[in-house]
Amino acid sequence: MPTTLKVSVIAQTFNHRTKSTITTFQITMPRFVLAQLNKHRILSSNTESNRAVPIAKKDAKLLANPYFPISWGTNQKGMQSGVPLQGFKHHLANLIWFLSLHSQRFYANLLNRLGVHKEIVNRLTEPFQLVDVVITGTQWENFFNLRTNLAAQPEIREIALKMKKAINDFPDSQITSDDVFLHLPYVLPEEKEKYKDDFLVLFAFSSARCARVSYLNHSGNSNVTADVKLFLRLVKSGHWSALEHCAIASNQLAFFGNFLGWIPVRKLFEGESGDSSMDDIPYLNPKQIKEVSSFLSLSYSFIADSLGKQFKI
């Protein structure tokens with residue numbers, strides 16, 4: 001029972017001043033490998049939330065499109081699975097997974113009838129869930145190196161391969177560049193034109209639409225008033241993550257938060273880190289660190305030589 005994992009580039013913008021590119025994806029992936037995506041802190045993401053999606057809506061999505069593993073790798077020592085099951089055993093594994101899915105749906109329904117909140121009920125079916133994720137970044141090398149490796153789990157590897165291909169296949173004609181200095185996922189061309197002199201409105205549209213991934217309503221929304229209201233609620237309550245996808249091109253090739261050459265809108269707000277007294281504290285790169293500490297910047301060759309001699313490896 002193969003499941004299609006989906007990847008699409010929502011927006012890609014080139015900063016001609018710093019030669020840096022920012023890319024936003026929308027992907028559909030198995031929830032059980034989400035932690036492997038979230039480990040990459042150089043990337044910003046928002047994910048469909050089990051605390052936000054109503055139980056009935058989550059169950060309907062699950063029933064229509066449950067996730068079945070790409071392959072049933074055999075158990076062996078280490079993190080990487082062995083040769084996949086074949087023939088009868090493969091079909092039997094699919095059947096066991098199918099029965100487990102509906103068993104968990106049954107117990108989730110019982111908890112629902114008891115009146116338990118969705119933040120708990122929806123957890124029971126997480127192994128079988130596909131979730132929508134909006135993810136933005138400027139530096140993808142480490143992610144692709146790790147997650148396209150043959151040692152990666154098949155699910156995250158397929159997603160990473162699809163993402164890499166989507167970047168390579170993205171038409172140059174759709175890469176915004178030159179005089180355009182805003183990266184605005186989910187904002188339509190006609191909206192950019194209409195509000196070209198009101199950047200705050202554009203930030204509101206993009207941030208709100210990225211935030212809607214939390215409750216399965218992040219695409220096709222044209223209620224601009226609702227977008228602005230949601231944006232204001234996000235800012236007022238300090239839910240800053242949705243403001244990391246829209247960004248402003250920098251004149252300087254430097255890191256702003258986790259983006260290179262691009263300033264996430266989140267960074268325009270004082271105290272966005274949670275402590276306004278931290279706003280003026282600089283971020284130091286490895287070369288600068290040695291100027292303020294007794295430690296040198298590290299490299300693989302240095303530590304391999306040093307530790308190799310000490311432990312004779």
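Visitor: In what order do the four strands of the open sheet stand?
Guide: This is a predicted model, in which local features need pLDDT of at least 70, side-chain atom pairs count only at pLDDT 80 or more, and totals for chains, interfaces and linings use all residues. Residues are numbered from 1 along each chain as its sequence is written, and side-chain values use heavy atoms, with hydrogens and water left out. Helices (H or I, at least four residues) and strands (E, at least two) are DSSP runs numbered from the N terminus, and two strands pair if DSSP finds at least two bridges between them. The pairing in this sheet is antiparallel, and the order is 1-2-4-3.

Visitor: Why is one side of strand 1 and of strand 3 left without a neighbour in the sheet?
Guide: Strand 1 (6-15) and strand 3 (44-47) stand at the edges of the sheet. One side of each is left without a neighbour because each has a single partner strand.

Visitor: By how many degrees are neighbouring strands of this sheet turned against each other on average?
Guide: Axes are lines fitted to C-alpha atoms, for helices over the stretch in contact, and angles run from 0 to 180 degrees between N-to-C directions. With direction ignored, the average turn between neighbouring strands here is 15 degrees.

Visitor: Which residue of strand 4 stands opposite Ile27?
Guide: Strand 2 (residues 20-30) runs antiparallel to strand 1, with nine bridges between them, and antiparallel to strand 4 (residues 130-137), with eight. On the strand 1 side, Ala11 has Thr24 as its bridge partner. On the strand 4 side, Thr23 stands opposite Gly137, and Ile27 stands opposite Val133.

Visitor: How many of the residues of strand 2 are buried?
Guide: Buried means under 20% relative accessible area, exposed over 50% and partly exposed in between (1.4 Å probe, protein chains only). Across the chain of 313 residues, the buried share is 39%. Strand 2 is mostly covered, its buried residues numbering 10 of 11.

Visitor: Which element gives the most residues to the largest nonpolar core?
Guide: A nonpolar core is a set of buried Ala, Val, Leu, Ile, Met, Phe, Trp, Tyr and Cys residues joined through side-chain atoms within 4.5 Å. The largest has 24 residues, and Met29, Leu37 and Met163 have the most contacts inside it. Strand 2, helix 1 (34-38), strand 4, helix 5 (141-147) and helix 6 (154-169) each give two or more residues. With five residues, the leading contributor is helix 6.

Visitor: Is helix 8 roughly parallel or roughly perpendicular to helix 9?
Guide: The axes of helix 8 (residues 199-211) and helix 9 (residues 224-237) come within 8 Å and cross at roughly 85 degrees. Angles under 35 degrees count as roughly parallel, over 145 as roughly antiparallel, 65 to 115 as roughly perpendicular and the rest as oblique. The crossing angle therefore makes helix 8, relative to helix 9, roughly perpendicular.

Visitor: How far apart in space are the C-alpha atoms of Val53 and Val213?
Guide: Val53 is found in the loop between strand 3 and helix 2 (55-64). Because its relative accessibility is 0%, Val53 counts as buried. Although Val53 and Val213 are 160 residues apart in sequence, their C-alpha to C-alpha distance is 9.8 Å.
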